[in-house]
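Hi everyone, thanks for making time this morning. Let me put the structure up on the screen, and then I'll walk you through a few spots in it.

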Amino acid sequence: MSLSTGTIITVAPTGAEHAKSDVPNLPVTLAELVSTAQDCERVGAAMIHVHIRDENAKPTLDLGRLKDTVAALREQTNLIVQLSTGGAVTDPESDRLRVLDALPDSASCTMGTVNFGDDVFLNRWEFIVELHKGMQERGIVPEYEIFDIGQLASLHRLLDKYGPPAGGHVHVDLVMGVPGGMPGDAETLVAAMRLIPKDATFSATGIGRSALPVMLASLSAGGHLRVGMEDTISYARGERVKDNAQLVARAAGLARIAQRPPLASVQVRELLGVKGEKGLADVAV
């Protein structure tokens, strides 16, 4: 597994689960998203993991809105723009595949089906293969989302059969603490590390109350961090998050304490293989 002297900090500001009516400070408009991105970049984020909302603040995978979002974030920030291909759990596969036509720098590729609270987040093998190959063809660098340890075995199968991702470097995100997925604790993170592909890098995401334990475990194990209001809306017991920049600033502070300070976006592009025209990765051959 590849180790780094710095830390990639990804912010996931919105997600598809929280309602604006319940979380008024959730960024849901394009203007709010860009402003959030700029604030988070200033305090240490290098990448943004993007879900978007429609005019009624409902989750959407509208291609026109996705293209506008990618363009605005590229124009007004230096962040690596990563689109979610997960969307909401109710989104059809065709809409999720069409996300790639927005040509982000990076996109998520979830490596299996998982119970997601009371819902099911469905990711068929054939769909995963289509996503992987679609990103290879478009030069989009994937982030392989892992919700349970067995999905790492599926990642090995995918890479063995269909080759390396665009950019040539494998990066995974361990999404921990989802009800129905792997627990958000240090013991599980260490177990997952044994199955991460050789020379790959990993980030870890702690959902809800697992946010801090996962962050600390990942830093101590040489991993990177994803934080944001998609994953938690609590900053501390009984204290709501003020904004996404508050979560990024805490992650950046802990990374510095761990003597692995936040990496700038230009460094992360080099590490993950995000390059080429407008930040797109060169297509792997």
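I'll talk about two helix pairs and, between them, some aromatic rings.

One thing to keep in mind throughout: this is a predicted model.

Let's begin with helix H1, residues 30-42, and helix H8, residues 244-257. Their axes are 9 Å apart, and the two helices pack at an angle of about 20°. The cut-off for roughly parallel is under 35 degrees, so H1 is roughly parallel to H8. As for handedness, H1 and H8 make a right-handed crossing. Who does the touching? On the H1 side you'll find Thr 36, Asp 39 and Cys 40, and on the H8 side Asn 244, Ala 245 and Val 248. Sorted by class, the residues of this H1 and H8 contact come out as three nonpolar, two polar and one charged.

Now for the rings. How many aromatic pairs does a search of the whole structure find? There are three, and I'd like to show you two pairs that involve Phe 147. In the pair of Phe 116 and Phe 147, the ring centres are 6.2 Å apart and the planes sit at 65°, so this one is edge-to-face. The two residues are 31 apart along the chain: Phe 116 is in strand E7, residues 114-116, while Phe 147 is in the loop between strand E9 (141-146) and helix H5 (150-162).

Phe 147 also pairs with Phe 121, with centres 5.8 Å apart and planes at 80°, so that pair is edge-to-face as well. Phe 121 belongs to strand E8, residues 119-121, so its pairing with Phe 147 ties together parts 26 residues apart in sequence. Put together, Phe 116, Phe 121 and Phe 147 form one aromatic cluster.

Which of these rings are buried, and which partly exposed? Phe 147 is buried, at 5% relative accessible area, and Phe 121 is buried too, at 7%. Phe 116 has 21% relative accessibility, so it counts as partly exposed; the cut-off for buried is under 20%.

Last stop: helix H4, residues 125-138, against H5. Here the axes come within 11 Å and cross at roughly 50°, so H4 is oblique to H5. This crossing is right-handed. H4 brings Trp 125, Ile 128, Val 129, His 132, Lys 133 and Gln 136 to the contact, and H5 brings Ser 154, Arg 157, Leu 158, Leu 159 and Tyr 162. By class, that gives six nonpolar, three polar and two charged residues.

That's my tour, thanks for listening!

Definitions and conventions:
Residues are numbered from 1 along each chain as its sequence is written. This is a predicted model: local features need pLDDT of at least 70, side-chain atom pairs count only at pLDDT 80 or more; totals for chains, interfaces and linings use all residues. Side-chain values use heavy atoms; hydrogens and water are left out. Axes are lines fitted to C-alpha atoms, for helices over the stretch in contact, and angles run from 0 to 180 degrees between N-to-C directions. Helices (H or I, at least four residues) and strands (E, at least two) are DSSP runs, numbered from the N terminus. Angles under 35 degrees count as roughly parallel, over 145 as roughly antiparallel, 65 to 115 as roughly perpendicular and the rest as oblique. A crossing is left-handed if the near helix is turned anticlockwise from the far one by less than a right angle, and right-handed if clockwise. Contact means heavy atoms within 4.5 Å. Ala, Val, Leu, Ile, Met, Phe, Trp, Tyr, Cys and Pro count as nonpolar, Asp, Glu, Lys and Arg as charged, and the others, Gly among them, as polar. Rings of Phe, Tyr and Trp (its six-membered ring) pair if their centres lie within 6.5 Å; planes under 30 degrees apart count as stacked, over 60 as edge-to-face and the rest as tilted. Buried means under 20% relative accessible area, exposed over 50%, partly exposed in between (1.4 Å probe, protein chains only).
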